[in-house]
Amino acid sequence: MSPPCQPYTRIGLKQGSQDGRAKSFLHLLDVLKGMKNRPKYILVENVKGFEESDSRDMLVDTLGQCDYAFQEFMLTPLQLGIPNSRMRYYLLAKLKPLTFALNPTNSILGYVPFSAHMSSEFVDSRTRVISNEEQLIERTSVEIEPLSNYLDPLADITPYIVPDKVLAKHSHVFDIVKPDSRRSCCFTKGYSHYAEATGSVLQMNTDADAAIAKANGETENQLDLLHTLQLRYFAPREVANLMGFPKSFTFPDTSSLKQRYRTLGNSINVRLVSELMRYLLKENTTV
C-alpha cells in the first residue's frame with residue numbers, strides 16, 4: 001500500500017487526512033475493518049512526514065482494532081550502499097497470531113532486522129521522528145558505491161542534455177553530481193520538467209569546476225561556463241538502476257520520456273522493499 005504522498009510532503013500543505021487525496025487511503029482502512037478474511041501481511045510506504053500525520057495515527061489505530069502486530073521503519077537506499085537519497089517511511093503488519101522475528105519495538109526502526117545487507121547499528125528512534133539521513137548512515141560500515149556503477153553507456157545522450165533555457169534560468173538550484181560521486185538526490189515525478197528538488201543532474205566533464213560555473217550567475221559568460229560542465233539528466237534506465245529495478249525491466253516502447261520519469265518518481269526502491277519483504281515473511285522461531 002502506497003497512499004498518495006502529496007498530503008505529507010515537506011513542500012506540501014501537510015493537511016493529512018483533510019487533504020482530498022488522502023480519501024482513498026482512509027477508504028481502504030474502512031474496508032479493512034469490514035473484511036471477513038483480512039490479509040495476513042501488509043506493507044505500507046510513504047514519504048518522510050507521513051509518520052507525523054493523523055493519517056498514520058488512523059492507520060495504526062485501525063491495525064490495532066483489526067488484530068495486527070506492526071513495526072515502523074525510516075529507511076534510505078544509502079544504507080544498502082546505493083548512491084541515492086530516498087528517505088521513506090515504511091510499515092509492516094502481520095495478522096495475529098503471526099509474529100515478527102523480532103518483537104515490535106513501538107518505535108521507528110532505522111534498519112531492517114536480520115538483513116544481510118544492512119547494519120543493525122543504525123539509529124533506533126525512540127520518538128516518532130528521525131530528522132535526516134545522516135542519522136541513519138553515520139554509523140554504518142556499508143560502503144556507498146560510486147554512481148558510475150549505475151550508469152549506462154548511452155548511444156545518444158542528446159535527449160538528456162540540459163537545455164540552454166533551463167541552464168540560464170535554473171542552474172543555481174541544480175544538484176550537480178559526477179560519475180565518481182557517491183550520492184544523488186531523490187528522483188521525483190517532476191524530474192527534467194522542474195529544476196529544483198526533483199533529482200540530480202550529471203556532470204559529464206569531470207575536470208570542469210561546477211562551483212565556479214554556478215557562482216558566475218550574473219556574468220555574461222555564465223552559459224559558456226555551464227556548457228563546459230556538459231550537464232545531462234540521468235536516463236530513465238539509469239534512474240531505474242538506482243532504484244533497484246532488474247536489468248530485465250523495460251518500459252513500453254510507446255511510453256514517452258516524461259511518462260517514464262513520472263513512473264519512476266512515483267515508484268519504490270525495489271532492493272530496499274525486498275529487504276523489508278524478507279523480514280515480513282521471516283518467522284519468529286522462538287515462539
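**Exercise 1. Work out what surrounds Ser184, starting from its link to Asn84.**

The side chains of Ser184 and Asn84 are joined by a polar contact of 3.0 Å. (A polar contact is a pair of N or O atoms within 3.5 Å; within protein, one must be able to donate a hydrogen and the other to accept it, and residues adjacent in sequence count only if both atoms are side-chain atoms.) Before going on, note that this is a predicted model, where local features need pLDDT of at least 70 and side-chain atom pairs count only at pLDDT 80 or more, while totals for chains, interfaces and linings use all residues. Residues are numbered from 1 along each chain as its sequence is written, and side-chain values use heavy atoms, leaving out hydrogens and water.

*Step 1.* Place the residue: Ser184 sits in the loop between strand 6 (176-177) and strand 7 (201-203). Helices (H or I, at least four residues) and strands (E, at least two) are DSSP runs, numbered from the N terminus.

*Step 2.* Check exposure: Ser184 counts as buried because its relative accessibility is 1%. Here buried means under 20% relative accessible area, exposed over 50%, and partly exposed in between (1.4 Å probe, protein chains only).

*Step 3.* Look for a second polar partner: the Ser184 side chain reaches the backbone oxygen of Pro83 at 2.7 Å.

*Step 4.* List the wider contacts (heavy atoms within 4.5 Å): beyond four places in sequence, Ser184 touches Pro83, Asn84, Ser85, Leu147, Val177, Ser200 and Leu242.

**Exercise 2. Find which side of helix 1 is buried, and what it packs against.**

*Step 1.* Helix 1 (residues 23-34) has 12 residues. From first C-alpha to last it reaches 17 Å, close to the expected 16 Å, which is 1.5 Å times one less than the number of residues.

*Step 2.* Phe25, Leu26, Leu29 and Leu32 are its buried residues. They lie on the same side of helix 1 because they cover an arc of only 110 degrees around the axis, taken from the directions from the helix axis to the C-beta atoms.

*Step 3.* On the face turned away from that side are the exposed residues Lys23 and Gly34.

*Step 4.* The buried residues pack against strand 1 (41-47), helix 2 (54-65) and strand 2 (68-75).

**Exercise 3. Follow the packing into helix 2 through Thr62.**

*Step 1.* Thr62 belongs to helix 2, and it counts as buried because its relative accessibility is 2%.

*Step 2.* Beyond four places in sequence, Thr62 is in contact with Leu29, Leu32 and Lys33.

*Step 3.* The Thr62 side chain also reaches the backbone oxygen of Met58 at 2.9 Å.

Terms used: Contact means heavy atoms within 4.5 Å.
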